[in-house]
Amino acid sequence: MNDEQSLFGRQLPLTAGPANSSAQPAIVSVGQRKQCQRCHQWLLPTDQLPNQAWYCRQCLQLGRLTSQDKLYTIAEPNRFAQVTGPILTWPGKLSPMQGTAATAILDLVRQQRDQLLWAVTGAGKTEIVYPALAWALAQNWRVAWVSPRVDVCLELAPRLQQAFGHVPQTLLHGNQTAPYRYCQLTLCTTHQLLRFHAAFDWIIVDEVDAFPLATSPLLQTAIATAQKPTGSHLYLTATPGEQLQRQVRQKRLAVTYLPLRYHGVLLPQIAVRLIWRWRESLAKGKLAPKLVRQLQGYRRRGQRFLLFVPHVVDLKPVAQALQQAGIVGGLTVHAADDDRAAKVQAMRDQTVSFLITTTILERGVTFPDIAVVVLGGDDPVFSTAALVQIAGRVGRHHDFPTGEVTVYCHSQSRRVRLAQGMIARLNRQGKRLGGQRQ
Amino acid sequence: MSQCLLCQQVLHPQMTLTQFWRWQPLPVPVVCPRCEQQFERITTMHCPQCGRQQTSMTVCHDCERWGDQQLRNHAVYTYNDAMKAYMQQYKFQGDYALRQVMMAPLTQALARQNYDVLVPIPVNQETWQTRGFNQVTGWLQNQPFQQALLVTADHKDQPQSAKTRQQRLLTQQPFSLAPNAAMVLAGKRILLLDDVYTTGRTLRHAATQIYLGGAKAVTSLTLAR
Ligand SMILES: [Zn+2]
Ligand SMILES: [Zn+2]
Ligand SMILES: [Zn+2]
């Protein structure tokens, strides 16, 4: 790849750029204030260095930009090698309901409208996008498939590779060392979009509600900047937040609903059980008898399960209390766990019977025939969206479309009730489409 | 509403009753208690020469190898994962705001040292231009210091870790004395200040020059060992 290609639709700090590139200062003054031109955030009056230069703290992870830097770019030319062979090489087939949603999405993409696919957990939303993506690639569009979560990107990469076998693709995220490649299809974390400028004709934002996109103005800006002025985007989610739902109501975002899972069975509803002051008991090394009985039952029947706890510090005491009760054969796993990937794989390979985990496994991870138990579901870390996602781990597989979701709380919680409400609403819609009860 | 400089979590300053009654200004925390706990303070059980944390107070094996080129260094923290991550973001990513994280602990550590003149280890001109700051003086608040040393060679143009121990030990003297250094140093007790004690070569080179400038005694303080 030559230097020019690496600048197509990008904005990079260089000491000198090729002849046909254009450059602008990385930090510009707007009135009294200074703004970073990569992430478009405002600098604080304290963000100055002793050598008088200004620097941006907001996008520091991508390499520091100072007022001494210039960002170089070459306007996106859509200069891709001709794809040899069929674009879509996915061997699967969409269900009639998925097909209807896929057609709706394709129609909106043709009109270059911003849109949302609101599909229940386990609807098969990735595959639903394939026909529209194949069409976009056939138009010689440059497309990005992005997610706020690197896990989601890593899980998706081999699937897209298989489904679009002849289309050159590149995967970009924070901890990788492979050099950048100019490709028609880019799969990356939302953060990496900050390195692009008016590059993409279409951006697919997967798990749009997942932390931190939902709350981060920086990442919203990243999407707006990386998209061409003529471009559009598609948000994918099972649990749109208030902001997205408002945009739908205001008709700023077109929406396609898919309230039923691909196997046609309704979503499992959350069962709530109250255990008063469980945290105090846990401090004494004990878990509530009804929780212990439930988990012992699972172990006896060979029912594999995920046990979610609010915080990383809760993992160890819970694991110890379970061991005391004779519930063994599981592992604990959390976000910063060095063995995280190996432990999740062990669960997939069925060499362990359960995982005790924090909210990191709330989405993107699929195990067939699993039960889910949440301890402390009234803790604020479990947002309504997180609870719906957690419940959505259950019954995803065609052969095991049902299962139990139990949430243990110290007291009734508004977030849990809202999650039950969202599931009930989706199930009412799903039933109208012929969905079967659990 | 302020955030932890390291993890961006919102900080809740704790006001004690004493502070309330005495009408003292509230201490403004810059990191959350959880991030702060990750840094590991070196106790009195340390090597008397390099300051490394150990189980006895005898000279460590690394320092024995320096023979009679002795040094008296104190270090505030062990160079653990949290400190490595901190130095990575502060020094190599150039996040100057992170200087605030170590200002208070370093001020306390300096107050425990006996010295007349504080001399920070300098950075070379190129680093000054690209990084934009000296990571050592960044930690100082109001403490007076003297830039008595100049860097002649590019002694820190590649990370110390990129060199082998052998290469590090063979490095040429990188420092020279600033034009008016003798006036500042003559007959004084000098405290050198550096970020991380790795092999001790940098500090020994600096101490040699400081003695040439007429100092009576030279000791050193580093943030980490
Ligand atoms: Zn920025
Ligand atoms: Zn923190
Ligand atoms: Zn030693």
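**Close-up views of chains A and B**

**View 1. Strands E1 and E5 of chain A run side by side.** E1(A) and strand E5, residues 70-73 of chain A, pair in the antiparallel sense over two bridges. Like everything in these views, this pairing belongs to a predicted model. To find your way, start at Leu12(A): in E5(A), its bridge partner is Tyr72(A).

**View 2. Stepping back, here is the open sheet that holds this pair.** The sheet has three strands in the order E1-E5-E2 (chain A), and the pairing is antiparallel. At the edges lie strand E1 (12-13) and strand E2 (22-25) of chain A, each of which pairs on one side only.

**View 3. Chain A also has an open sheet of six strands.** Follow the strands in the order E13-E18-E17-E14-E16-E15 (chain A); here the pairing is parallel. Strand E13 (270-274) and strand E15 (330-333) of chain A are the edge strands, each pairing on one side only. On average, neighbouring strands of this sheet are turned by 20° against each other, direction ignored.

**View 4. Now look at one edge of the six-stranded sheet, with a helix packed on the sheet.** E13(A) pairs with strand E18 (residues 405-409) of chain A in the parallel sense, over five bridges. Within E18(A), Thr406(A) is the bridge partner of Ala271(A). Helix H7 (residues 289-301) of chain A packs on the sheet and touches E13, strand E14 (304-308), strand E16 (354-357), strand E17 (370-375) and E18 of chain A. The direction of H7(A) makes about 165° with that of E17(A).

**View 5. This is where chain B meets chain A.** On the chain B side, 14 residues are in contact with 10 residues of chain A. The size of an interface is often given as the accessible area lost when the parts come together. Here the area buried between chain B and chain A is about 1,000 Å², and carbon and sulfur atoms give 43% of it. Gln93(B), Asp95(B) and Tyr96(B) supply 42% of the area that chain B buries against chain A, more than any other three residues.

**View 6. Zooming in, a salt bridge links the two chains.** The count between chain B and chain A is one salt bridge. The side chains of Asp95(B) and Arg57(A) meet in it, at 2.8 Å from N to O. Across the interface there are also 10 residue pairs in polar contact, both residues at pLDDT 80 or more. Helix H6 (residues 125-131) of chain B gives the largest share of the side that touches chain A, with four residues. By class, that side of chain B has six nonpolar, six polar and two charged residues.

Key. Residues numbered from 1 in each chain as written. Chains lettered and ligands numbered in written order. Predicted model: local features only at pLDDT ≥ 70, side-chain atom pairs only at ≥ 80, totals over all residues. Heavy atoms only, no water. Contact = heavy atoms within 4.5 Å. Buried area = accessible area lost by both parts, 1.4 Å probe. Salt bridge = Lys/Arg side-chain N within 4 Å of Asp/Glu carboxyl O. Polar contact = N/O pair within 3.5 Å; in protein donor to acceptor, adjacent residues only side chain to side chain. Nonpolar A, V, L, I, M, F, W, Y, C, P; charged D, E, K, R; others polar. Pairing = 2+ DSSP bridges. Axes fitted to C-alpha atoms, helices over the stretch in contact; angles between N-to-C directions.
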